[in-house]
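User: Please take a close look at one residue, starting from what surrounds it, and then work outwards. State the cut-off for each term where it comes up.

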Amino acid sequence: MSAEGYPAGGDQQGAGEDWAKDSIANGCSCHMDEQLDQGMYMLIGIPAEYSPDTTYNISLVINDTTVISEPEAIRYGGFLAEVSEGAFQPAELYWIGGSGKYISHNAESNAQRNWTFQWISPNEGAGDALFTIYYNVVNGAGTGG
């Protein structure tokens, strides 16, 4: 599914927790009517097994050569993530919602295609932590598609 990508992420008017919850559950077709299966991404830092009450640095890196960035663009992409257990930690470049359940880029971090954020694992006995992460890559030209 596609997640609706606001330039300022969860901070943008009309976004917030309702947007995050709906986008994670239902997706949308904000920029394209269909998903592209091109480009590459790396997700680094989510452990196969977590230690309770531990802070992990998670990095999402996108290398999509099919979407060429306009040289003078102010936007190149964004992301939205949800975690079922534990909590994402507030930081200057991110919007946090749902008491740490959701994280997205904000207006300060949409001129890039890589993000590193922190997640604190839950207490012992909480069970599996399921991450759902959507990302969006744009050329910054301000056109649809």
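Analyst: Leaving aside neighbours within four places in sequence, S104 is in contact (heavy atoms within 4.5 Å) with G9, G10, W19, F79, L80, L93, Y94 and W95. Residues are numbered from 1 along each chain as its sequence is written, and the model is a predicted one, in which local features need pLDDT of at least 70, side-chain atom pairs count only at pLDDT 80 or more, and totals for chains, interfaces and linings use all residues. Side-chain values use heavy atoms, with hydrogens and water left out.

S104 sits in strand β6 (residues 102–105); strands (E, at least two residues) and helices (H or I, at least four) are DSSP runs numbered from the N terminus. The relative accessibility of S104 is 0%, so this residue counts as buried: buried means under 20% relative accessible area, exposed over 50%, and partly exposed in between, with a 1.4 Å probe and protein chains only.

Two of the contacts of S104, F79 and Y94, lead to the aromatic rings. A pair of aromatic rings is described by the distance of the centres and the angle of the planes. Rings of Phe, Tyr and Trp (its six-membered ring) pair if their centres lie within 6.5 Å; planes under 30 degrees apart count as stacked, over 60 as edge-to-face and the rest as tilted. The whole structure holds 10 aromatic pairs. One of them joins Y50 and W119 edge-to-face, at 5.8 Å centre to centre and 90° between the planes. This pair links distant parts of the chain, 69 residues apart: Y50 is in the loop between β1 (40–44) and β2 (55–63), and W119 is in strand β7 (residues 114–120). Y50 is partly exposed at 22% relative accessible area, while W119 is buried at 1%.

F79 and Y94 are also an edge-to-face pair, 6.0 Å centre to centre with 65° between the planes. F79 belongs to strand β3 (residues 77–83) and Y94 to strand β5 (residues 94–97), so their pair ties together parts 15 residues apart in sequence. F79 is buried, at 2% relative accessible area; Y94 is buried too, with 9% relative accessibility. Ring pairs link Y50, Y56, F79, F88, Y94, W115, F117, W119 and F131 into a cluster.

The strand that carries W119, β7, is part of an open sheet of four strands in the order β1-β2-β7-β4, with antiparallel pairing; two strands pair if DSSP finds at least two bridges between them. β1 and β4 (87–88) are at the edges with a single partner strand each, so one side of each has no neighbour in the sheet. Between β1 and β2 there are five bridges, in the antiparallel sense, and M40 stands opposite N63 in β2.

Beyond W119 comes P122, in the loop between β7 and β8 (131–137). P122 is buried, with 8% relative accessible area. Outside its neighbours within four places in sequence, P122 is in contact with Y50, P52, D53, E85 and G86. The C-alpha atoms of P122 and E85 are 5.9 Å apart, although 37 residues separate them in sequence.

D53, one of these contacts, lies in the loop between β1 and β2. Most residues other than glycine have a negative phi, but phi of D53 is positive, near 55°.
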